[in-house]
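Trainee: I'd like a close look at a single part of this one. Could you take a helix and walk me through what surrounds it?

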Amino acid sequence: MDISEIIIPGDTPGIEWRLPVFRFKGNDPAAPKVYIQAALHADELPGTALLHFLCGTLRDAESADSIAGDITIVPQANPIGAAQSHFGELQGRFDLGSRTNFNRDFPLISLRDRDNLIDDLDRYPAIDRLKRQLMHMALGADLVLDLHCDDESLQYAYIDEVFWPEASDLAAALAMDAVLLSDGESSAFEEAISFAWKYAVPGEKRTRLPGKLSVTLELRGKRDVYPDMAKADAEGLWRFLTAREIIRDESVLPSTFAGPAVPLDNIEMIRSPESGTVLFHRSIGEVVAEGDLLATIITRPGTADGSIQVRAPQAGLVVTRVSDRLVRRRADLMKIACSQPSSVVRKAGTLED
């Protein structure tokens, strides 16, 4: 295992950021190359724990000469966000300087312009230098996994429709509860990678990308950082790497994905109609029917008409739930994966900011 650091100068005197990068050299030049990162949202740590255990297994595999394809791992992809604490609470989702989501505004380029990402980096502020360095590394691989988590959540993945159903082996290996099929219409990291592949020839869009994969994995919720979970998830990624013949391990048997795979248009984003205290009646993992009571919002405590009910617009699987119990008007409460499209028109791109 080779360990190096990318040093990113800060935007104020005396500050610099260090980005550790772990590389495992494969012994088969024809095998797929893999890039895996975690904690781009710096407060989402299940992926960092997973990669800690995966690196231990990969070191053993390297000693046994059973790694076929090159593997690059960045276990803490956002040192800038990890340093942002406001009144004692980590603020890892948005850059406090630019007010931009750390997983947005990645450059949308053609693959042939990859090296331009790191040309003349002094032109850019630190956050853009970080994004460009991450993207440059990822575009040197064939399989790109961006490890995130949700709030309170099942384990699921965002997978661009161009990679489905080939990517069902990943969902099966990690025993995903659901797959959300995205449209690739945002500047999030995984979609910027797939954009570069789709437009490898500028102006010509490819609709299938065999042998490629760029995906966001949502590894349950923010508080789901436990040794048993992280080890099990690391074993899941190991199974995926063997399925794609990046690791040689004949003891691993293939599995089949059994969960729902639905387009983003079929996701009901349940939002609070008013501000108040939320009382949930249904939890993640439950299947609800149309009209089921999902939550009560106490809007005016103590009054006879001081609460309102939120009901399911259609049947589906509760994939996520917010952990906050005091919510603002139009705050996200749940995601429900359904078999039919939502009646609410969704703009192209990601479900959330």
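Mentor: Here is a walk around helix α1, with a few neighbouring parts added for context. Keep in mind that this is a predicted model.

Let's start with the helix itself. α1 covers residues 46-63, which makes 18 residues. From first C-alpha to last it reaches 27 Å, close to the 26 Å you'd expect at 1.5 Å a residue. Just after α1 comes Asp-65, where phi turns positive, at about 60 degrees.

Now for what α1 hides. Its buried residues begin with the run Pro-46, Gly-47, Thr-48, Ala-49, Leu-50 and Leu-51, and go on with Leu-54, Cys-55, Gly-56, Leu-58 and Ala-61. What do the buried residues of α1 pack against? Five strands and a helix are the partners: β2 (16-24), β3 (34-38), β4 (71-74), β7 (143-150) and β11 (213-221), plus α6.

There's also a loop to look at, the one between β2 and β3, where Lys-25 lies. Lys-25 is exposed, because its relative accessible area is 62% and the cut-off for exposed is over 50%. Leaving out residues up to four places away in sequence, Lys-25 touches Glu-62, Ile-67 and Asp-70. Glu-62 falls within the 46-63 range of α1, so that contact ties the loop to the helix. As for Ile-67, it sits 42 residues from Lys-25 along the chain, yet their C-alpha atoms are separated by 7.3 Å.

Some of those packing partners turn up again around helix α5 (residues 189-198). Nine of its 10 residues are buried, so α5 is largely enclosed by the rest of the structure. Among the buried ones are Phe-189, Ile-193 and Trp-197, but also Glu-190, Glu-191 and Lys-198. The cover over them includes β3, β7 and β11, along with α3 (126-138), β9 (155-160) and β10 (178-182).

The other thread to follow is α6 (227-243), which packs against α1 and also helps to line the second largest pocket. That pocket holds about 250 Å³ of space. Of its 14 lining residues, Arg-239, Thr-242, Ala-243, Asp-249 and Val-252 lie nearest the centre. α6 supplies the largest share of the lining, three residues, and α4 (168-173) also gives two or more. By class, the lining has six nonpolar, six charged and two polar residues.

Finally, the annotation: UniProt, in an unreviewed entry, lists residues 31-242 as "domain: Succinylglutamate desuccinylase/Aspartoacylase catalytic". Over that stretch the chain is 32% helix and 20% strand, and the end C-alpha atoms are 11 Å apart.

Key
Residues are numbered from 1 along each chain as its sequence is written. This is a predicted model: local features need pLDDT of at least 70, side-chain atom pairs count only at pLDDT 80 or more; totals for chains, interfaces and linings use all residues. Side-chain values use heavy atoms; hydrogens and water are left out. On a 1 Å grid over the protein atoms alone, a cavity is a set of points where a 1.4 Å probe fits but cannot get out, and a pocket is an open set with protein on both sides within 12 Å along at least five of seven lines; lining residues have an atom within 4 Å of a point. Grid points are joined across faces, edges and corners, and a volume is the space filled by probe spheres set on the points. Helices (H or I, at least four residues) and strands (E, at least two) are DSSP runs, numbered from the N terminus. Ala, Val, Leu, Ile, Met, Phe, Trp, Tyr, Cys and Pro count as nonpolar, Asp, Glu, Lys and Arg as charged, and the others, Gly among them, as polar. UniProt positions are given in the numbering used here, feature names are shortened, and annotations may be inferred rather than shown by experiment. The expected span of a helix is 1.5 Å times one less than its number of residues. Buried means under 20% relative accessible area, exposed over 50%, partly exposed in between (1.4 Å probe, protein chains only). Contact means heavy atoms within 4.5 Å.
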